[in-house]
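Hi,

Here is the structure I said I would pass on. Have a look first, and my notes follow below.

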Amino acid sequence: PVFEERVMYGAQRLAQVDHIDIIRPRGTFYLFPSVKKSGMTSAQYCTWLLNEKHILATPGSLFGQGGEGCIRLSCTVPIEKIKEAMDRF
C-alpha cells in the first residue's frame, strides 16, 4: 500500500504536465512516462531533468528500442520527496 500510494501520486501529478503522457501503473513502484512531446530523446530529457530540475531519472532507451521516448522514475523514496520532485516539474 505504501508504494502504491507513492506511485499513484506521482502518476497523478505527471498527468498534469503538458509534455508528458502516462498510463496508470499497475503493480510496480516505477513510473515510465512518455516524454516524446518534449521533442527530446529520453537521454536528453534525463540530462535536462537532472541539470534543470534536480531530478534523477533513467532514460527509457536503456531498456531497449521500445523504451526510447520514455523515462523511468522510481517512487521508493518517502512521499514528501516525491511531492517535492513533482513540484519541480
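Keep in mind that this is a predicted model. I'll begin with the strands. β1, covering residues 30-31, pairs with β3 in the antiparallel sense, over two bridges. Within that pairing, L31 has L73 of β3 as its bridge partner. β3 also pairs with β2 (residues 58-59), again antiparallel and over two bridges. There, P59 is matched with I71 of β3 as its bridge partner.

β3 itself runs over residues 71-74, and its side chains alternate. I71 and L73 are buried and point to one face, whereas R72 and S74 point to the other face and are not buried. So you'll meet I71 twice: as the bridge partner of P59, and as one of the buried residues of β3.

Now for the helix, α2, at residues 42-53. Its 12 residues reach 15 Å from the first C-alpha to the last, close to the 16 Å expected at 1.5 Å a residue. Which residues of α2 are buried? They are S42, Y45, C46 and L49. These four cover an arc of only 100° around the axis, which puts them on the same side of α2. The general rule behind such a pattern is that an α-helix has 3.6 residues a turn, so residues three or four places apart point the same way.

What do the buried residues of α2 pack against? They pack against β2 and β3. On the other side of α2, N51 and E52 are exposed. Right after the helix comes H54, with a positive phi near 60°.

Cheers

How values were computed
Residues numbered from 1 in each chain as written. Predicted model: local features only at pLDDT ≥ 70, side-chain atom pairs only at ≥ 80, totals over all residues. Heavy atoms only, no water. Buried < 20%, exposed > 50% of the residue type's maximum accessible area, 1.4 Å probe, protein only. Pairing = 2+ DSSP bridges. Expected span 1.5 Å × (residues − 1). Arc of directions from axis to C-beta. Contact = heavy atoms within 4.5 Å.
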